[in-house]
Amino acid sequence: MRWSKPPPAEDPASRFGATCPVCRQLLGGTPPPLDPATGRFLMPPSFRLEVGAPDGRNDTPWRVTMLAGNYRPAESVDPAFNEHEVDFIYLLCGGGHIFPDATPVYRSGVQRRPDEARQSIDEWNMVAAMGAPASGKTYLLVRMLKQNLDNLAQWNAYDDPGRIRLRKLSPLEELPLTSRIGKYNDTRQTGKAIQPTGTDRQATPAGLLEEQLRDALAAIQELVRRTVVDGERRAQQWGRQFRQPLVLRTDSGDRRTWTGVADLPGELFDERRSNHREAGMLRSFDALLWVVDPAVAPNATDWMATESVAEERLLLDGSLRPGTVSGYGAGAEVVRGNRESIQDDIGQQVTMVDGVFATNEGRPLQMLVAVTKCDLIRAALEKPGLNLRDFGAPGEVERGTATYLSVAVDRWFRGTGADPGATQLLTYVWGARTAEPAVRQRRAVQVARGLLDHFSQPEEFWKLVHVGTDNEVSIPAGDMTTEVPQHVRVPSIDEHLDSALRPGSGALILLRDLIMSAVGCGLAYGLGQQSALFRMHSEPWITLRFFLCSPLATVPIAVDDIRLKPLDPRDRFPRVDDRAAALTQLLLAVLGRARR
C-alpha cells in the first residue's frame, strides 16, 4: 500500500444527496464537523473506492480517497494501481455503505458522452424486512427480488411508458444479493438450508470488503484512525454497525431509483438482545416488510397435524429450520414459543408511540405484511373439512377479512382512487351515502365470507398465492335483503401488471391487491396478530397491505440437521426467478416510488 497524490476534487452530493439512506451518515464531499480540542473529525467522512481489473493471480488493484480534508489517497502496490485502468468506482458513506459512483468501463464507443458513466439517483427507496428467526425472510427476499415485472402474456413488444427496467449493478453492489441467490440455489440443488442471516460474513460493508478487498479495508480503517475522534474504536466499528442492503436500481421513463432492502436477522427484534441503534434506523425507512411465520402461530400444530408423528416432526423441523429442534414435544414448543414472542413484539413495537421501529413523523408508512410459508396453509386446506376460518380462534379470520374491506372502503371514500373492479366491490360495501354503519358492516362480512369460502378451495387459494391465473368468485346473498349476491373476477397477475405499471397507478387500490390483502389480513388475524394489526389499522399514517407468499412453492421437510427436501417426492423447489403471483405483487409494493 502507498499514499498517492489526491485526484481532482468532485463532490458526488450533487448526484446522490449528502446523506446515506441506510444509516444517515455523510454521503459526499461535505466535511464532518471538527472537534475544536483535537482538530479531528467528529464522525467518519465519505470515501471513494476505485477498483481495477484483477491480475493473473486474481489480485485486484485499488485506490481509496477520503472526500473530506486534503489527505493523500492510499493505493495498492502489488498489483500496482493504474488510474488509467479503472473498471469500477464506488462511493462509500461514512458508515461504509456502498453506492455506484462511476463505471469507466462502460465509456467505450464514439457515441458515449464523457459524463455518461457517472451514476445518478433521482429517488432513494429504503425497505426493511422484519421477522422472527427462521421466518423465511431470506428465501422470500431472494425470490421476490428476482421476479419479472413484464406481462409475459403479451405477444407483441411495445414501448410501455410505465415499464420498469432493471439497471446492471456494479460487482460490490450486487454481491449481497448474488451471495444469497447462491445459497438459495444450494437449497434447490443439494437441500442445504440457508443459515441465519446474522452468520453471513458479507452482511456488513466491512465484512464484504474484508472478503473482497482486505487491504483497501485496512487503508480505510487507517484513515479513520488518523482523522476521526476516538479513532481506534471508530476504525474498528467502521462498516460494521448497519448491514449492506440488497439493491435494485431501476429506470422508469427518465427516472432512476435506487431501492435498498435490508435483510435483518430475526435476533435484531429480540428485546433481550436488540441492537436498538440499528433497529431505530427503521423509523426513517419508506416501508417495513413484516414477514409473519404461520409455523409459530399459537394453533399451528393443530392445522399442521398429520396422521404420522414422525412425518409431523420432519414437517415442523423443516419449517422451523433443520437442526433447530433437537427433539419433538418440549423442544419444539420452546423454539416456537420464543419465535412467537419475537413475532408478537414486532407488531407491538410498530404502533407504540415513539417505538423502536416506527413512529409518526408526519409522513405515511407503507406496512407490507407477508404471510409466508403459504405452502403449509395450502397443504392444510387439502385435509377434509378444513377451511381458512380454522387458522385462528372462532371468528378471527372472518373479522380480519371484513376489517380490511371496511378500512379499504374508508380510504376509497376519502379520495383514494381504485380500478374499476375494486370500485365496484367497494361501492357495494359502501352502499348509499345514507346507509347505516351496520349495513356496511354486514356487507363487509358477507363479502368476507364469500372470499374465505372460495379461497378455502386449495386450487383457488394457490391461484391467488402462486399460479397467478384469474379467479371467478361468487359471493352468495346474505341474510338481509340489502345483502345481494356479488360476482368478483380477480385479474390474473399479467392483467394486474398491466394495470399496476400504468403511470399514476401507484396510489390506486387495484382489485387483485384488494382481494389478496383482505384474505391475507384475515389469515394474519388468525395467526395471532389481531391486536397489533387492529392498532395499525387505527393509525392514519400507516397504510397496510398483505401478501400471501410461498417462496419454496411446496412444503419442505428436514432430511437431517442441515438439509431440506420437498415433502412430495414429485416436487422440486422452484428456480429463483420462476414467476410467483404474490411475490410479484410484493415486489411492486417494495419498489414503491420507482413506479411512475
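This section describes the confidence, overall make-up and one helix of a predicted model.

The mean pLDDT of the protein chain is 86, with 86% of its residues at 70 or more. Confidence varies among the elements of the chain: the highest mean pLDDT, 98, belongs to helix α15 (residues 458-467), and the lowest, 58, to helix α7 (residues 276-280). Residues 105-117 have pLDDT below 50, and in the model this stretch makes 14 contacts beyond near neighbours in sequence.

The protein chain contains 18 helices and 17 strands. Of its 596 residues, 57% are buried. Among contacts with a separation of 6 or more, 70% join residues that lie 24 or more positions apart. The exposed area of the chain is about 24,600 Å², of which carbon and sulfur atoms supply 50%.

Helix α16, spanning residues 493-500, was examined for the placement of its buried residues. Those residues are I493, D494, H496, L497 and A500. Viewed down the axis of α16, they fall within an arc of 155 degrees and therefore line one face of the helix. The packing partners of these buried residues are two further helices, α17 (511-537) and α18 (581-591). I493, D494, H496, L497 and A500 are thus described both by their burial and, as the buried residues of α16, by their packing against α17 and α18.

Note on methods
Residues numbered from 1 in each chain as written. Predicted model: local features only at pLDDT ≥ 70, side-chain atom pairs only at ≥ 80, totals over all residues. Heavy atoms only, no water. Helix = DSSP H or I, 4+ residues; strand = E, 2+ residues; numbered from the N terminus. Buried < 20%, exposed > 50% of the residue type's maximum accessible area, 1.4 Å probe, protein only. Contact = heavy atoms within 4.5 Å. Areas by Shrake-Rupley, 256 points an atom, 1.4 Å probe, with all protein chains shown as cover. Arc of directions from axis to C-beta. pLDDT = per-residue confidence, 0-100.
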